[in-house]
Amino acid sequence: MRKEKTMRILYIAFDNPAVDTILGGMNDETLAGLPAFYYPFKMLLEKGNTIDMLLVSDLNHEVVESEHFKKDNFIQLRPIPGKMGTLIFPFYLARETRKLLKSRHYDFVYGMAEGSHMGVRAAAKMGIPCALRQFGTQEMANVLEPMKKGLRRWLKSLKDYTYITLSMISKKSFLLATNDGSRADELYDILGVKRKKFDFYFWRSAVMIPKEQPIVNLDTSGNYPDEYDSLSLSMVGRIADVKRQDRAAKILGEVHKRGVKMHLYLIGDVSSQEMLDATKKVIEEYGIEDYVHFVGGQPQSVCRRYARNSLATLLVSEWNRVNIFYEVMGEGSVVLTNNNHSIDEFIEDNENCIVYDTEAEAAERLVALMEDKEKIEKIRANAHKTAIDKFMTLERRFGMEAQLVMDTAEGKDTKAYPDII
């Protein structure tokens, strides 16, 4: 069997939790977010490839060397301050990328998110295989869709979503978007763009799923999150407008109105002051200040423990087909989800989760569930089984992405890769 060629790859990235883990020594247990960045990166390294990271950041980063990633693999590019710097920076990124491509002779360039567009474009102009990894574009699709087709829609797209728009039409080997409600596939129809210059992949994400359902002692109480507590609820995710932590607080308030003093733990960094303020307003209205706990961002392993050992994990967002859903179901948690139909293909009310229409209904069902150990055990077991049967594993999904990068870099036929998963 012919040994697979190893290659040198350039990642272009911006600060995010996956970067922190990579630069911090590549310990999986410290990963606090963006597994879709981290795991393909790790798998490419484990296949013997060399990866350099060009990181755009104004933070002072240190590199804890790991087996495959050393200080020499890290290149930092600091943003240019001021309004003029914002205009100039894309061209600065392109220039610095070209310098690296000439001096280090990369086989492939992978841009993480649309801000890396000019670097990927520089690689394409030099004839180097390259691709862009696209993440959330739901807001852009939601804003543009109601507008009348034509010049006004295009101008709005270019003005407010410049690099997403440019990345949709510029030359590259492929663009890979996440099929989790990002609406990246619909954007092409909304803008009337034909994908002629690259392959487009729209793939679901994946999670680590325990082969066996995690054991939880439902008879314990009071040592949460290390042990199960029937008076604890969890919600995992950054505090943001689309996540709607205010709804979670309202559910807790409705539970308290029914005489049950549950606690709510909100695990995630604050990315929207408006949502934080809205959540605190609900907390004040219900008088539950002592029962809502802002935990902040945590490693994925800690987030899973909060979910696994709570009575229920709340999914109250505008769209729930996100990594958190896959992860908490995989833990065998009780998922309490609003009825927005974003995960209908995976869930069945009262079988592997609980579905509600109003916050008052959610509270009623939580209070009833608290004393129904048999139902809790059934839902937890079915949730884990659903994850095993229907979700994509880390190995399959991110291994496929790593192989796509290698095959593309080598110029192999990639027609066998599915367009949509």
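1. Let's start in the middle of the sheet. Strands β8 and β11 are paired in the parallel sense, with three bridges between them. If you want one pair of residues to look for, find Leu 233, whose bridge partner in β11 is Ala 312. Bear in mind as you go that this is a predicted model.

2. Now follow β11 to its other partner. Another three bridges tie β11 to β12, and these two strands also run parallel. Here the residue to click on is Leu 315, which has Thr 337 as its bridge partner in β12. Is β11 mostly covered or mostly open? The strand is mostly covered, with six of its six residues buried.

3. Zoom out to the whole sheet. Six strands make up an open sheet, and reading across you get β10-β9-β8-β11-β12-β13, with parallel pairing. Which strands stand at the edges? They are β10 (292-294) and β13 (354-356); each has a single partner strand, so one side of each has no neighbour in the sheet. Leaving direction aside, neighbouring strands are turned against each other by 25° on average.

4. Take a look at the β10 end. Strand β9, residues 263-267, is joined to β10 by three bridges, and the two run parallel. Within that stretch, Leu 266 sits opposite Phe 294 of β10.

5. Next come the helices that sit on this sheet. Helix α11 (residues 300-308) packs on it and touches β8 (229-236), β9 and β11 (310-315), with its direction at about 115° to that of β11. Helix α13, residues 359-370, lies across β8, β11, β12 (335-338) and β13, and runs at about 150° to β13.

6. α11 deserves a second look. How many of its nine residues are buried? Seven of them are, so to speak, tucked away, and the helix counts as mostly covered. The buried ones are Gln 300, Val 302, Cys 303, Arg 304, Tyr 306, Ala 307 and Arg 308. Notice that arginines are on that list, with both Arg 304 and Arg 308 buried. What do these buried residues pack against? Besides β8, β9 and β11, they meet the helices α2 (35-46), α12 (323-330) and α14 (373-390).

7. For a helix-on-helix example, try α9 and α10. The axes of α9 (residues 245-257) and α10 (residues 273-286) come within 8 Å and cross at roughly 10°. Because an angle under 35 degrees counts as roughly parallel, α9 is roughly parallel to α10. On the α9 side, the contact involves Gln 245, Asp 246, Ala 249, Lys 250, Gly 253, Glu 254 and Lys 257. From α10 come Met 275, Ala 278, Thr 279, Val 282, Ile 283 and Tyr 286. Sorted by class, this contact holds six nonpolar, three polar and four charged residues.

8. A quick word on cysteines. How many disulfides turn up in the whole structure? The search finds zero. Two cysteines you can check for burial are Cys 130, buried with a relative accessible area of 1%, and Cys 353, buried at 0%.

9. Last stop, a single threonine. Where does Thr 165 lie? This residue is part of helix α7, residues 162-169. Thr 165 is buried, and its relative accessible area is 0%. Setting aside residues up to four places away in sequence, Thr 165 touches Met 140, Trp 154, Ser 157 and Leu 158.

Conventions: Residues are numbered from 1 along each chain as its sequence is written. This is a predicted model: local features need pLDDT of at least 70, side-chain atom pairs count only at pLDDT 80 or more; totals for chains, interfaces and linings use all residues. Side-chain values use heavy atoms; hydrogens and water are left out. Axes are lines fitted to C-alpha atoms, for helices over the stretch in contact, and angles run from 0 to 180 degrees between N-to-C directions. Helices (H or I, at least four residues) and strands (E, at least two) are DSSP runs, numbered from the N terminus. Angles under 35 degrees count as roughly parallel, over 145 as roughly antiparallel, 65 to 115 as roughly perpendicular and the rest as oblique. Contact means heavy atoms within 4.5 Å. Ala, Val, Leu, Ile, Met, Phe, Trp, Tyr, Cys and Pro count as nonpolar, Asp, Glu, Lys and Arg as charged, and the others, Gly among them, as polar. Two strands pair if DSSP finds at least two bridges between them. A disulfide is a pair of cysteine sulfur atoms within 2.5 Å. Buried means under 20% relative accessible area, exposed over 50%, partly exposed in between (1.4 Å probe, protein chains only).
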